[in-house]
Amino acid sequence: MKVNSLETVNYRNIENIRIEPCDTVNIIYGENAQGKTNLLESLWLFTGCRSFRGSKEQELISFDKDFAKLSMTFSDDGREHEAEIILADKKKAVFDGVEHASTSVFFGEFLGIIFAPQHLSLVKGGPYERRKFLNMALCQLRPKYENVLSDFNKILEQRNALLKDIPRHSELLDTLDIWDERLANYSAIIMTQRLRYLEETEPFLKEIYSGISGGKEEIGIKYETPVELSGTDREGLSAEIFEALKAARPEDIKNGSTSVGPHRDDLLIMLDGLPVRSFGSQGQQRSCALSLKLAEAAVIKKLTGKQPVAFLDDVMSELDSGRQDYILNHIDGWQVFITCCDPSSILKSKTGKVFEIKGGQLCSST
Ligand SMILES: Nc1ncnc2c1ncn2[C@@H]1O[C@H](COP(=O)(O)OP(=O)(O)OP(=O)(O)O)[C@@H](O)[C@H]1O
Ligand SMILES: [Mg+2]
């Protein structure tokens with residue numbers, strides 16, 4: 001998977017840039033606040049995922065402008081594709097000349113992984129961040145996962161509304177069975193997908209973490225859920241979730257919310273058996289988050305046969321030279337976009353293209 005060209009119009013502070021990256025390492029450098037992350041973000045949108053900074057679409061359009069347009073060409077297995085995203089009152093995504101209303105058309109077509117400083121929250125933050133990581137990884141791998149997730153959220157909302165009504169209308173209690181059954185079915189699809197994904201990830205994660213840390217510590221992961229995971233076949237799991245939902249009913253009615261399901265689960269990340277969120281050092285936490293992202297790329301490669309593009313925002317400045325070397329060697333052969341303020345350390349070990357960004361403009365490329 002390779003980006004061949006990108007052109008931006010009215011995208012944040014990069015109002016008009018055209019780049020033709022190389023197939024290996026592309027370094028985007030410049031002083032703070034010049035538009036390096038913006039450029040990475042614009043490429044990232046073609047994965048079909050939202051901005052990794054959690055920005056609203058309107059915020060991506062340059063101040064004082066009423067639309068933004070991104071045009072990208074990329075190749076996949078030697079075939080070139082044309083992709084366009086137009087952000088305006090009405091969003092448009094164009095893939096090989098066909099118009100769509102949502103960028104989710106790019107899920108599974110253009111594949112990437114992103115590591116930005118805020119992804120440390122994957123390790124340091126609350127369970128929501130880890131669920132988001134799993135959801136995003138699965139959306140790219142299994143485009144239908146997004147629909148399942150969206151249906152699940154609708155059913156969850158309806159069940160929660162019902163739970164709030166039950167204290168005033170006790171006759172509604174009888175309808176809860178139907179909702180619990182539906183919710184259990186969707187929960188089981190999401191959970192089996194997540195469990196399978198983690199099974200695929202674990203060996204890569206262990207290998208990568210061991211490489212980054214020089215074999216000093218061992219990483220482990222465990223999917224955390226109050227549901228008994230005796231087997232991971234979907235029907236069995238659905239029955240288990242249904243029972244757990246039933247058992248949680250009195251509490252759920254009291255709180256007006258659903259306490260069991262994939263919207264409450266977590267991923268425990270451990271180093272030598274200890275939760276890294278509570279006991280890990282800064283460097284260990286950073287290495288864990290980065291390993292999870294690189295393992296995500298390895299799983300994509302294994303399951304789709306396609307090498308995702310790696311987007312690394314400001315990652316090198318936080319790592320010592322041993323870890324930097326490991327990462328650069330590990331991603332050898334991939335197309336990579338790395339942003340940094342000072343490119344000298346990366347330039348020493350790699351050939352590739354270097355783009356200097358100043359005030360949202362491309363001021364040099366070599
Ligand atoms: N919608 C927008 N319109 C115009 N400018 C914007 C918009 N959104 C953000 N910016 C500006 O883009 C600038 C550059 O942001 P960006 O995050 O890309 O910087 P950076 O080069 O990655 O800096 P750093 O090295 O500090 O990470 C910011 O100063 C911000 O004010
Ligand atoms: Mg930045």
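These are my notes on a sheet and two pockets in this structure, which is a predicted model.

**Sheet.** I started with the strand order. Six strands make an open sheet, running β8-β12-β13-β3-β14-β15, and the pairing is mixed. At the edges I found β8 (112–115) and β15 (361–365), each paired on one side only. I also looked up the twist: neighbouring strands are turned by 20° against each other on average, ignoring direction.

**One pair up close.** I picked β12 (residues 309–313) and β13 (residues 336–340), which run parallel and are joined by four bridges. Leu 312 has Ile 338 in β13 as its bridge partner. Helix α1 (residues 36–44) packs on the sheet and touches β3, β8, β12, β13 and β14. I noted about 155° between the direction of α1 and that of β12.

**Largest pocket.** I get about 1200 Å³ of space here. Its lining has 47 residues, with Cys 49, Arg 50, Tyr 128, Lys 132 and Met 136 nearest the centre. Which helix supplies the largest share of the lining? That is α3, with ten residues. By class I have 20 nonpolar, 15 polar and twelve charged. Domain 1 (1–111 + 307–366) and domain 2 (119–305) each put at least three residues into this lining.

**Second largest pocket.** This one holds about 180 Å³. Of its 13 lining residues, Asn 32, Ala 33, Gln 34, Lys 36 and Thr 37 are the closest to the centre. I met α1 again here: that helix gives the most to the lining, three residues. The class split is three nonpolar, six polar and four charged.

Note on methods
Residues numbered from 1 in each chain as written. Chains lettered and ligands numbered in written order. Predicted model: local features only at pLDDT ≥ 70, side-chain atom pairs only at ≥ 80, totals over all residues. Heavy atoms only, no water. Pairing = 2+ DSSP bridges. Helix = DSSP H or I, 4+ residues; strand = E, 2+ residues; numbered from the N terminus. Axes fitted to C-alpha atoms, helices over the stretch in contact; angles between N-to-C directions. Contact = heavy atoms within 4.5 Å. 1 Å grid on protein atoms, 1.4 Å probe; cavity = no way out; pocket = protein on both sides within 12 Å on 5 of 7 lines; lining within 4 Å. Points joined across faces, edges and corners; volume = space filled by probe spheres on them. Nonpolar A, V, L, I, M, F, W, Y, C, P; charged D, E, K, R; others polar. Domains from an automatic or database assignment.
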